[in-house]
Amino acid sequence: MITQVRSYEGSVQLLMVNQFTINLGFYMLMPYLAAHLSGTLGLAGWIVGLVLGVRNFSQQGMFLVGGTLADRLGYKPLIVAGCVLRTLGFATLGLVDSLPALLAASAATGLAGALFNPAVRAYLAADAGERRVEAFALFNVFYQAGILLGPLAGMVLTGVDFRITCLVSAGIFALLSVVQIRALPARRSQDAKRQDAHAGQGVLTQWRGILANRPFLLFSIAMIGSYVLSFQVYLALPLEVRRLGGDGEFGTAAVAMLFAVSGLTTILGQTRVTAWCKARYEPGQALVRGLAAMGLAFVPLLVAAAVPVPESGIGLWLLAAVPPTLAALLLAIGTMIAYPFEMDTIVRLSGDRLVATHYGLYNTICGIGITVGNLGTGAALDAARAAGMPALPWITLCTLGLVCAAALYGLHRTGRLAAPPTSEPLAATV
């Protein structure tokens, strides 16, 4: 893998390492923030939910703005600004205890993600060129490595003091800011250069043009399912483990195994899976297979729902741990199949124009979908318990994956996942 990384330009290598470090700093803090707010600071549950919700809302709601700014101002300024803002936000979370300050810090951390996420992906796509799919496969390896190691580092630091966790995380982002200011080449998007000749064209005109890109919107909606399904590693699967295995040491270890299986599978297998799929499938075919695999990931849980639940012993432990772990493994495989082609398809459907803005809108659409999907999943879990139908959530999630796979199949068969003509003038497409 190191050889593959070295085969790319220095900017691409730096973006991959940056993403690992970004996720390391983020995930060493965020899993422990709720406990700090409710325990150390003694805040009410609704206030904890408000602080966490503000971060998510500010990120999802501002992705489109962040992408638009990246296309207009260049990718590097937005990446640096996001890292600086997250430095300030995470440091503040560890040093204040008043609600207004906590809300401001939480909003800042969310806005930071909205600034650098579209810019990073657009920059990577631009500098990777024809090797975008392989570059995004490697990018996902670094991404997952940060998610895997971040909570472990945070657990050690939070065991001493959560404020130390905040300051270390802030220090990581401060270091990232300095490294990127010094080492990341300035990169203006082609759209920023074109806009010099179309200075009168407003942001709203560009947004209307993107919203008129029907294949892109249909693709974005179809891909919502992949994000809802992959998020179940954090929602439905841990709840199922604890429903059967309890909240003790076994339940904690089994939940940790879910995350380890998901992360390690991606780290060890992503580049091989991508190379295998690229040699055999068109991008649309790979996306269909990835979504189908994610939907079928819940079949082990569906089968387990038909098995009588033992009262105790190793049989109960196996039933609590094995089906969710298999589901996490299959979700990871499905994501590995789909993710690099998904990122590449966004670039192709944009026609290589306003790429960061397209990524921003895509993230917003999927973020809204995740929120709605998680509400639906939670309702299905509650309904399953009330009605004594443990299979209901798994049927729902399996159906969602297969429906989204069918939608992608339709888009692929009708040619809507192909790149639009590149000869159209900018004003006609944005």
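Which side chain meets Asp 382 in a salt bridge? The partner is Arg 385, at 3.8 Å from N to O, and the views below start there. Please keep in mind throughout that this is a predicted model.

**Figure 1. A salt bridge inside helix 17, between Arg 385 and Asp 382.** Both residues belong to helix 17, which covers residues 355–387. They sit 3 residues apart, a separation of about one helical turn. An α-helix has 3.6 residues a turn, so residues three or four places apart point the same way. Arg 385 is partly exposed, at 47% relative accessible area. In total, the structure holds 5 salt bridges.

**Figure 2. Asp 344 and Arg 132 join helix 16 to helix 7.** Here the two side chains form a salt bridge with an N to O distance of 2.7 Å. Asp 344 comes from helix 16 (residues 314–350) and Arg 132 from helix 7 (residues 132–160), so this pair ties together parts that lie 212 residues apart in sequence. Both ends of the bridge are worth checking for burial. Asp 344 is buried, with 7% relative accessibility, and Arg 132 is buried too, with 13% relative accessible area. The view also takes in Arg 348, which is linked with Arg 132 and Asp 344 in a network of salt bridges.

**Figure 3. Lys 278 meets Glu 134 in a salt bridge.** The N to O distance for this pair is 2.6 Å. Lys 278 lies in helix 13 (residues 249–280) and Glu 134 in helix 7, so parts 144 residues apart in sequence are tied together. Lys 278 is partly exposed, having a relative accessible area of 38%. Glu 134 is partly exposed as well, and its value is 27%.

**Figure 4. The largest nonpolar core, with 85 residues.** Phe 219, Tyr 359 and Leu 408 have the most contacts inside this core. Helix 6 (residues 99–128) supplies the largest share, 12 residues. Domain 1 (1–184) and domain 2 (203–417) both contribute residues, so the core lies between them. For a closer look, follow Tyr 359: beyond the residues up to four places away in sequence, Tyr 359 touches Pro 118, Arg 121, Ala 122, Ala 125, Phe 136, Met 343, Ile 346 and Val 347. There is also a second, separate core of 19 residues, and among its members are Leu 237, Ala 297, Phe 298 and Leu 397.

**Figure 5. Ser 220, a buried residue of helix 11.** Helix 11 runs over residues 214–230. Ser 220 has a relative accessibility of 0%, so it counts as buried. Setting aside neighbours within four places in sequence, the contacts of Ser 220 are Tyr 362, Ile 365 and Cys 366.

**Figure 6. Helix 12 and the helices around its buried residues.** Within helix 12 (residues 236–245), the buried residues are Ala 236, Leu 237, Pro 238, Glu 240, Val 241 and Leu 244. Leu 237 may look familiar, as one of the residues in the second core. The buried residues of helix 12 pack against helix 13, helix 15 (299–305), helix 16, helix 17 and helix 18 (392–413). Just after helix 12 comes Gly 246, where phi is positive, at about 85°.

Key: Residues are numbered from 1 along each chain as its sequence is written. This is a predicted model: local features need pLDDT of at least 70, side-chain atom pairs count only at pLDDT 80 or more; totals for chains, interfaces and linings use all residues. Side-chain values use heavy atoms; hydrogens and water are left out. A salt bridge is a side-chain nitrogen of Lys or Arg within 4 Å of a carboxyl oxygen of Asp or Glu. Helices (H or I, at least four residues) and strands (E, at least two) are DSSP runs, numbered from the N terminus. Buried means under 20% relative accessible area, exposed over 50%, partly exposed in between (1.4 Å probe, protein chains only). A nonpolar core is a set of buried Ala, Val, Leu, Ile, Met, Phe, Trp, Tyr and Cys residues joined through side-chain atoms within 4.5 Å. Domain bounds come from an automatic or database domain assignment. Contact means heavy atoms within 4.5 Å.
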